[in-house]
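Open the model in your viewer and get ready to select residues by number. We will go stop by stop.

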Amino acid sequence: MNMVTSAFVTLSVGLFSFSSLANDDQPHIRLATTTSTYHSGLLNYLLPEFEKDTGYKVDVVAAGTGKSLKMGENGDVDLVMTHAPKAEANFVSQGFGILPRKLMYNDFVIVGPESDPAKVTNEKDVLKVFSKIASTNATFISRGDDSGTHKKEKGLWEQSKIEPDFGGYRSVGQGMGPTLNMASEMQGYTMTDRGTWLAYNNTLDLSLLFQGDKNLFNPYQVILVNPERYPSINHKGAKVFSDWLIDSKGQELINTFKLNGKQLFVASAQ
């Protein structure tokens, strides 16, 4: 099993660009993003179209929300695409990011063994789901990597007034794909974004056991790194990419991206 927690990938396809912006010497755009946008296949779907339209190539660092925002704070990337509203608000308020824009949303779901030893399937409240997993000492695999998913999970334990230190709790410090694989192997529960679940579920011995609670809403934003703080970044290219993502074509492509006939993300730019 591949336990790599982050990936640096140049997603470019060598297509001829008809845009006047196309230039072999044009600097690449550096995007730091959550692993869900990469592992779901969304970026592989969007970026060839963006390159064809603009001539820009995008270098993607898929490292989770916490690490992505940290790269933005350090000026190591030109923009971020993440899903942790409180952390994103801090990123902007502290002057690291500018022009935060709503991009899309999906939701989180709870998956686990088909036998459902904690009997969570018929619950209506995700906080009750977490409480039953803890009280039955069921195996729960946490990403434990400061990603947006991990931040959301920690918030739900806090709302449940439960310290996740029960015997079945495993914090593994891995991305969503490896975490799902571990949950499958250990027949444990985990929380995942729906997009990554749909990308992986056919290879896993897990079932979708709980969904639909409003507490599991999962919004994504795209935020530019502040060029006043880091003048050497490719602010022009990052702005072109952000504009493209929230414009009609980018939003339509987000809505039409499907796996196994199912839509993974809902465009939400206003």
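## Stop 1: a strand covered on both sides

Begin with V111, whose bridge partner in strand β8 is T190. This is a predicted model, so keep that in mind at every stop.

Now select the two strands around that pair. Strand β5 covers residues 97-112, and four bridges join β5 to β8. The two strands run antiparallel.

Stay on β8, residues 190-193. Are its faces covered? Which residues sit on which side? T190 and T192 are on one side, and M191 and D193 are on the other. All of these are buried, so both faces of β8 are covered.

## Stop 2: R194

Select R194 next. This residue is found in helix α8, residues 194-200. Show its side chain, then show the side chain of D107. The two side chains make a polar contact at 2.6 Å.

Which other residues does R194 touch? Leaving out residues up to four places away in sequence, R194 touches N106, D107, V109, L208 and Q211.

## Stop 3: strand β2 and its two partners

Move to strand β2, residues 29-33. Four of its five residues are buried, so the strand is mostly covered.

Select strand β3, residues 58-62. β2 and β3 pair in the parallel sense over five bridges. Find T33: its bridge partner in β3 is A62.

Then select strand β4, residues 79-82. β2 and β4 also pair in the parallel sense, over three bridges. Here A32 stands opposite V80 in β4.

## Stop 4: helix α3

Select α3, residues 65-73. Is it mostly covered or mostly open? Seven of the nine residues of α3 are buried, and the helix is mostly covered. The buried ones are T65, G66, S68, L69, M71, G72 and E73. What do they pack against? Their neighbours are β2, β3, β4, α4, α6 (148-159) and β10 (217-225).

Look just past the end of α3. G75 follows the helix, and its phi is positive, near 70 degrees.

## Stop 5: α3 beside α4

Keep α3 selected and add helix α4, residues 85-93. The two helices pack at an angle of about 5 degrees, with their axes 11 Å apart. That angle makes α3 roughly parallel to α4.

Zoom in on the contact. From α3 come L69, G72 and E73. From α4 come A87, E88 and F91. The residues of this contact divide into three nonpolar, one polar and two charged.

## Stop 6: α9 across α10

Select helix α9, residues 235-246, and helix α10, residues 248-256. Their axes come within 4 Å and cross at roughly 60 degrees. That crossing makes α9 oblique to α10.

Which residues make the contact? On the α9 side, pick W244, L245 and I246. On the α10 side, pick S248, K249, G250, Q251, L253 and I254. These residues divide into five nonpolar, three polar and one charged.

## Stop 7: G168 in a loop

Go to G168, in the loop between α6 and β7 (169-171). Is G168 buried or exposed? Its relative accessibility is 6%, and G168 therefore counts as buried.

Show what lies around it. Not counting residues up to four places away in sequence, G168 touches N137, A138, T139 and F140. Now add I133 to the view. G168 and I133 are 35 residues apart in sequence and 8.7 Å apart in space, C-alpha to C-alpha.

## Stop 8: two loop residues with positive phi

Select K119, which is placed in the loop between β5 and α5 (126-135). What is its phi? The phi of K119 is near 55 degrees, a positive value in a residue other than glycine. K119 has 52% relative accessibility and therefore counts as exposed.

Finish at D146, in the loop between β6 (140-142) and α6. The phi of D146 is near 65 degrees, again a positive value in a residue other than glycine. At 32% relative accessibility, D146 counts as partly exposed.

Definitions and conventions: Residues numbered from 1 in each chain as written. Predicted model: local features only at pLDDT ≥ 70, side-chain atom pairs only at ≥ 80, totals over all residues. Heavy atoms only, no water. Axes fitted to C-alpha atoms, helices over the stretch in contact; angles between N-to-C directions. Parallel < 35°, antiparallel > 145°, perpendicular 65-115°, else oblique. Contact = heavy atoms within 4.5 Å. Nonpolar A, V, L, I, M, F, W, Y, C, P; charged D, E, K, R; others polar. Buried < 20%, exposed > 50% of the residue type's maximum accessible area, 1.4 Å probe, protein only. Pairing = 2+ DSSP bridges. Polar contact = N/O pair within 3.5 Å; in protein donor to acceptor, adjacent residues only side chain to side chain.
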